[in-house]
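Hello,

Here is the structure we talked about passing on. My notes follow below it.

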Amino acid sequence: MARPAVNVAVRAARAAGQIILRYMNRVDGLAVVEKQRMDFASEVDRAAEAEIIRELKRAFPAHAILAEESGAQGKAKHTWVIDPLDGTHNYLRGIPHFSVSIAMLENDEPVYGVVYDPLRDELFTASRGDGAYLNDRRIRASSRGQLGGALLATGFPYRQRAHLDAQLGMTRALLAEAEDLRRSGSAALDLAYAASGRYDGFFEIGLKPWDMAAGCLLVREAGGRYCDFVGRDGIPETGNLVAGGIHVVAGMVKAISAELPPTLAR
């Protein structure tokens with residue numbers, strides 16, 4: 001049975017999903033701002049985020065908020081971390097792959113997480129110690145015993161182009177052993193797919209807390225592992241993340257070690 005906090009997050013995610021779908025066929029008329037170079041937000045991002053915050057505040061008025069569009073609100077033991085539309089670039093171009101990501105942190109550790117794909121009506125949920133689920137069905141991370149033959153996912157974030165050579169080197173090293181690589185445009189969904197075994201592993205440079213908090217909890221509760229590029233467990237402050245099946249993650253960390261510049265090994 002889902003915890004009450006997860007039920008609230010699910011309700012918030014579904015409400016945001018309705019807003020996202022309502023505007024999907026009208027994206028050409030949306031007001032879009034460029035927050036920084038190649039970093040866009042639309043009125044849908046803001047409306048979905050406002051709806052999520054409204055639902056969460058109704059149930060947990062004393063909790064803090066960290067949201068992609070509106071930033072930090074308050075300080076508390078419990079913080080809700082929100083990405084109202086992970087995959088905005090896909091959404092604005094009509095590419096049908098994006099998600100809503102909501103996590104609750106307790107003393108900076110994720111304890112509840114929801115990643116919702118409104119197009120497929122796929123709801124990934126997790127509670128610390130209770131496992132991970134897709135539409136109420138228990139999911140498991142990949143049990144593959146090695147990197148060889150693995151299907152991996154990544155992203156090439158616009159904020160991290162200074163590290164492009166390093167990431168291409170890491171990608172080359174991984175593809176020397178892995179079966180193939182996907183780049184879908186939604187880190188939250190990539191992590192949910194890693195938690196459900198659709199992907200064997202995932203890595204990306206410079207993720208933000210709202211990109212990875214819910215997805216990391218899903219991976220851990222599905223029996224997987226997440227760490228930084230040198231293998232230190234936990235959500236990395238740098239945002240340089242490796243996640244997926246336990247053995248695949250170990251193989252990924254080993255494979256990329258020779259390609260890591262000092263700036264990515266911190």
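Helix α6, residues 209-221, lies across β14 and β15. Its axis runs at about 40 degrees to β15. Please bear in mind that this is a predicted model.

Helix α7 (residues 246-256) also packs on strands: it lies across β11 (151-154), β13, β14 and β15. Against β15, helix α7 runs at about 150 degrees.

Those strands belong to an open sheet of 5 strands. The order is β12-β11-β13-β15-β14, and the pairing is mixed. β12 (180-182) and β14 (225-227) are the edge strands; each has a single partner, so one side of each is left without a neighbour in the sheet. From one strand to the next, the twist averages 20 degrees.

Within the sheet, β13 (residues 201-204) and β15 (residues 241-244) run antiparallel, joined by 4 bridges. Phe203 stands opposite Val242 in β15.

Now the cores. The largest nonpolar core has 35 residues. Val115, Phe124, Leu191, Phe202, Leu218 and Leu241 touch the most other members. At least two residues of this core come from each of β6 (99-106), β8 (122-127), β9 (131-134), β11, α5 (187-195), α6 and β15.

What is Phe124 in contact with, leaving aside its neighbours within four places in sequence? The contacts are Gly113, Val114, Val115, Tyr133, Leu134, Ile139, Leu189, Ala192, Tyr193, Ser196, Arg198 and Leu218.

Another core, of 31 residues, lies apart from the largest one. Its members include Ala5, Ile65, Phe98 and Tyr112.

Best wishes

Terms used:
Residues numbered from 1 in each chain as written. Predicted model: local features only at pLDDT ≥ 70, side-chain atom pairs only at ≥ 80, totals over all residues. Heavy atoms only, no water. Pairing = 2+ DSSP bridges. Axes fitted to C-alpha atoms, helices over the stretch in contact; angles between N-to-C directions. Contact = heavy atoms within 4.5 Å. Core = buried A, V, L, I, M, F, W, Y, C linked by side-chain atoms within 4.5 Å. Buried < 20%, exposed > 50% of the residue type's maximum accessible area, 1.4 Å probe, protein only.
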